[in-house]
Amino acid sequence: MFGEYVISPQVSIKAVNNVSIELKKNEVIGIAGESGCGKSTLIKILYGFLQPPLTASGKVLLNTKGGLDLLSVSEDYKRENIWWKIMSYIPQNSMNVLNPFMKIGDHFVELLRKHLKIEKDEAYRVAEEYVMSMGMRKDVLKAFPHQLSGGMRQRVVVSLALLLKPSIIFADEPTTAVDVVLQKVLLQLLTDKQKELGATLVVVTHDMGVHAMITQKVAVMYAGRVVEEAPTEPLFEDPKHPYTQALINSLPRLGDDRPRIGLSGSPPDLRNPPPGCEFHPRCPYAMDICRREKPLRVKIDKDRYVVCWLYAKR
């Protein structure tokens with residue numbers, strides 16, 4: 001699939017470029033990479049949430065009866081039949097997405113009435129039981145968003161995303177701007193519910209520690225492409241792509257007080273990306289072919305892929 005931001009008739013940016021990824025049932029998948037690498041754009045496309053200037057081509061196939069390409073159906077169809085019920089999306093900076101003029105309870109009641117077709121009193125009763133099952137007091141429903149802490153608002157948004165028991169949950173930086181203690185609480189909440197529902201959880205974060213802690217598979221992105229995809233444990237034990245190696249080598253380790261060496265250089269300007277492999281200006285192993293030709297996706301093991309000339313047969 002491809003995802004472009006059309007800035008003007010003359011300028012477009014390929015924020016997601018030639019990506020193919022499979023999401024399996026009852027799996028926690030991480031999408032990693034620096035800011036601006038295309039992580040958030042990728043999950044918007046996978047969720048089918050395309051708003052100008054974002055456009056997409058390719059297919060996003062949902063494994064339902066008869067199959068469904070999310071990019072070929074209308075937004076109205078997705079609102080009625082897909083979003084919240086089959087797929088849910090926790091956006092970046094989600095603590096700020098709640099309607100400031102609505103009480104928290106009204107957010108829950110609106111969703112329940114729209115999708116379950118129940119009366120208001122019944123919806124409120126269901127909402128009370130639900131928020132208590134999520135570890136919150138039921139009087140949180142009577143509060144306006146500004147009356148809650150940022151962490152509690154984040155917890156509310158996560159709970160809303162899980163309310164209708166979706167099969168696929170997209171979480172874009174779900175622990176941004178919260179402290180370490182609350183980060184652990186939110187991640188535990190997400191993974192507990194994922195297991196309970198048998199759902200697929202896709203977590204987007206630049207924090208490699210989070211990926212190591214909760215994911216089963218990681219896709220590493222750079223300049224709009226997935227450059228490495230592997231089960232989590234092998235990825236951390238033996239990263240293949242030079243960019244993945246740099247990300248993992250920058251992590252602190254217990255008992256090792258040596259300074260960590262960061263990756264030199266900056267990600268490329270996607271309006272004018274370098275020829276060949278986009279990573280070659282920063283890569284310590286760059287060869288002539290890297291500067292001329294884009295590497296292909298190479299399978300190097302079961303469920304493990306890398307996009308790098310070091311592993312391609314030439």
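Begin the tour at the lining of the largest pocket, and select helix α3, which supplies the largest share of that lining, 5 residues. The model on display is a predicted one. Helix α5 may be added to the selection, since α3 and α5 each supply at least two residues of this lining. The pocket has a volume of about 650 Å³. Of its 19 lining residues, select next Tyr 47, Arg 79, Trp 84, Glu 110 and Leu 111, which are the closest to its centre. Coloured by class, the lining divides into 13 nonpolar, 3 polar and 3 charged residues.

**Second largest pocket**

Move now to Leu 23, Leu 61, Leu 62, Asn 63 and Ile 168. These residues lie nearest the centre of the second largest pocket, which has 21 lining residues. Its volume is about 550 Å³. The lining comprises 11 nonpolar, 6 polar and 4 charged residues.

**Nonpolar cores**

In soluble globular proteins, nonpolar side chains tend to be buried together. Which members of the largest nonpolar core touch the most other members? Select Ile 90, Phe 108 and Val 156: among the 40 residues of this core, these hold that position. To display the elements that give two or more residues to the core, select α3 (104–116), α4 (120–133), α5 (150–162), β8 (168–172), α6 (180–197), β9 (200–204) and α7 (208–214). Helix α5 contributes the largest share, 6 residues.

Centre the view on Phe 108 and show its surroundings. Leaving aside residues up to four places away in sequence, Phe 108 touches Ala 127, Tyr 130, Val 131, Leu 141, Val 156, Ser 159, Leu 160 and Leu 163. Another core, of 26 residues, lies apart from the largest one; to find this second core, select Met 1, Ile 21, Leu 62 and Tyr 89, which are among its members.

**Enclosed cavities**

Rolling a probe the size of a water molecule over the atoms shows where empty space is left. The structure holds 2 cavities of 30 Å³ or more.

For the largest cavity, select Cys 277, Cys 283, Cys 290, Cys 308 and Trp 309, which lie nearest its centre among 14 lining residues. About 80 Å³ of space lies within this cavity. Its lining has 12 nonpolar and 2 polar residues, and no charged residues.

For the second largest cavity, select Tyr 222, Arg 225, Val 227, His 241, Cys 277, Glu 278, Phe 279, Pro 295 and Val 307, which line it. This cavity contains about 50 Å³ of space. By class, 6 of its lining residues are nonpolar, 1 is polar and 2 are charged.

**Backbone features**

Most residues other than glycine have a negative phi, and most peptide bonds are trans. Three places merit inspection here.

- Select Pro 52 and Pro 53, which are joined by a cis peptide bond with omega of about 10°. Pro 53 lies in the loop between α1 (39–47) and β4 (54–57).
- Select Ala 223, a residue other than glycine with a positive phi of about 50°. It is found in the loop between β10 (217–222) and β11 (225–231). Ala 223 counts as buried, because its relative accessibility is 8%.
- Select Asp 303, likewise not a glycine, with a positive phi of about 60°. Its loop runs between β12 (297–301) and β13 (304–307). With a relative accessible area of 33%, Asp 303 is partly exposed.

**Salt bridges**

Side chains of opposite charge can pair when their charged atoms come close. The structure holds 16 salt bridges.

Select Glu 196 and Lys 193, whose side chains form a salt bridge at 3.3 Å, N to O. Both residues belong to helix α6 and stand 3 residues apart, about one turn of the helix. Are the two partners buried or exposed? Glu 196 is exposed, with a relative accessible area of 54%, whereas Lys 193 counts as buried at 14% relative accessibility.

Proceed to Lys 217 and Glu 229, which form a salt bridge with their closest N and O atoms 3.5 Å apart. Lys 217 lies in strand β10 and Glu 229 in strand β11, so this pair ties together parts 12 residues apart in sequence. Both Lys 217 and Glu 229 are buried.

Keep Glu 229 selected and add Arg 297, which forms a salt bridge with Glu 229; the closest N and O atoms are 3.3 Å apart. Because Arg 297 lies in strand β12 and Glu 229 in strand β11, the pair ties together parts that are 68 residues apart in sequence. Arg 297 is partly exposed, with a relative accessible area of 42%, while Glu 229 counts as buried at 5% relative accessibility. Finally, add Glu 27 to the selection: salt bridges that share partners join Glu 27, Lys 217, Glu 229 and Arg 297 into one network.

Key. Residues are numbered from 1 along each chain as its sequence is written. This is a predicted model: local features need pLDDT of at least 70, side-chain atom pairs count only at pLDDT 80 or more; totals for chains, interfaces and linings use all residues. Side-chain values use heavy atoms; hydrogens and water are left out. A nonpolar core is a set of buried Ala, Val, Leu, Ile, Met, Phe, Trp, Tyr and Cys residues joined through side-chain atoms within 4.5 Å. Buried means under 20% relative accessible area, exposed over 50%, partly exposed in between (1.4 Å probe, protein chains only). Helices (H or I, at least four residues) and strands (E, at least two) are DSSP runs, numbered from the N terminus. Contact means heavy atoms within 4.5 Å. On a 1 Å grid over the protein atoms alone, a cavity is a set of points where a 1.4 Å probe fits but cannot get out, and a pocket is an open set with protein on both sides within 12 Å along at least five of seven lines; lining residues have an atom within 4 Å of a point. Grid points are joined across faces, edges and corners, and a volume is the space filled by probe spheres set on the points. Ala, Val, Leu, Ile, Met, Phe, Trp, Tyr, Cys and Pro count as nonpolar, Asp, Glu, Lys and Arg as charged, and the others, Gly among them, as polar. A salt bridge is a side-chain nitrogen of Lys or Arg within 4 Å of a carboxyl oxygen of Asp or Glu.
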